[in-house]
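Biologist: I would like to understand how the labels attached to a structure are justified. Could we go through some of them together, setting each value against its cut-off?

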Amino acid sequence: MAVPDPHLRQILRWCEERIPEQALHEVRVECTVRTSHVTIFEVRAPLTGDDGGEWTRRPIAQLRHDGLLWRLYGPDRKARWQLLDDVPAHGSPGPLLTVLGDPARNLW
């Protein structure tokens with residue numbers, strides 16, 4: 001099942017709005033889509049500060065769509081995805097993105 005286009009646009013917009021424009025040379029939030037999964041990454045500039053270095057990507061969350069509901073997963077210490085049981089499934093990704101962006105939750 002593919003990610004519904006309006007939901008994908010909502011996730012992409014959320015990623016774009018996470019980091020202020022003046023900090024985009026240091027850090028970004030990006031996502032990749034794979035069938036019914038959207039993985040969100042924190043992407044950081046090279047520590048050396050040179051333009052030729054590799055940016056590092058750290059997965060921070062995964063949103064999974066089963067055709068009806070969205071569920072939020074987080075990586076464990078071994079980078080395996082674990083369902084966040086305390087976050088209820090929703091019909092759209094918006095409430096899950098709100099949880100992900102809540103500093104009190106400290107998910108990333």
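Biologist: What makes Asp66 and Arg71 a salt bridge?

Modeller: In this predicted model, the closest N and O atoms of Asp66 and Arg71 are 2.9 Å apart, and because a salt bridge requires a side-chain nitrogen of Lys or Arg within 4 Å of a carboxyl oxygen of Asp or Glu, the pair Asp66 and Arg71 qualifies.

Biologist: Why is Asp66 called partly exposed?

Modeller: Asp66 has a relative accessible area of 47%, and since partly exposed lies between the buried limit of under 20% and the exposed limit of over 50%, the label fits Asp66; Arg71, at 28% relative accessibility, counts as partly exposed by that reasoning.

Biologist: How do you know that Glu42 forms a salt bridge with Arg58?

Modeller: The closest N and O atoms of Glu42 and Arg58 are 3.3 Å apart, which is within the 4 Å cut-off. The pair links distant parts of the chain, with Glu42 in strand 2 and Arg58 in strand 3, 16 residues apart.

Biologist: Is Glu42 buried or exposed, and why?

Modeller: Glu42 counts as buried, because its relative accessibility is 11% and buried means under 20%, whereas Arg58, at 40%, counts as partly exposed.

Biologist: Why is Asp86, which forms a salt bridge with Arg105, called exposed?

Modeller: Asp86 has 54% relative accessibility, and exposed means over 50%, so the label exposed applies to Asp86, while Arg105, with a relative accessible area of 29%, is partly exposed.

Terms used
Residues are numbered from 1 along each chain as its sequence is written. This is a predicted model: local features need pLDDT of at least 70, side-chain atom pairs count only at pLDDT 80 or more; totals for chains, interfaces and linings use all residues. Side-chain values use heavy atoms; hydrogens and water are left out. Helices (H or I, at least four residues) and strands (E, at least two) are DSSP runs, numbered from the N terminus. Buried means under 20% relative accessible area, exposed over 50%, partly exposed in between (1.4 Å probe, protein chains only).
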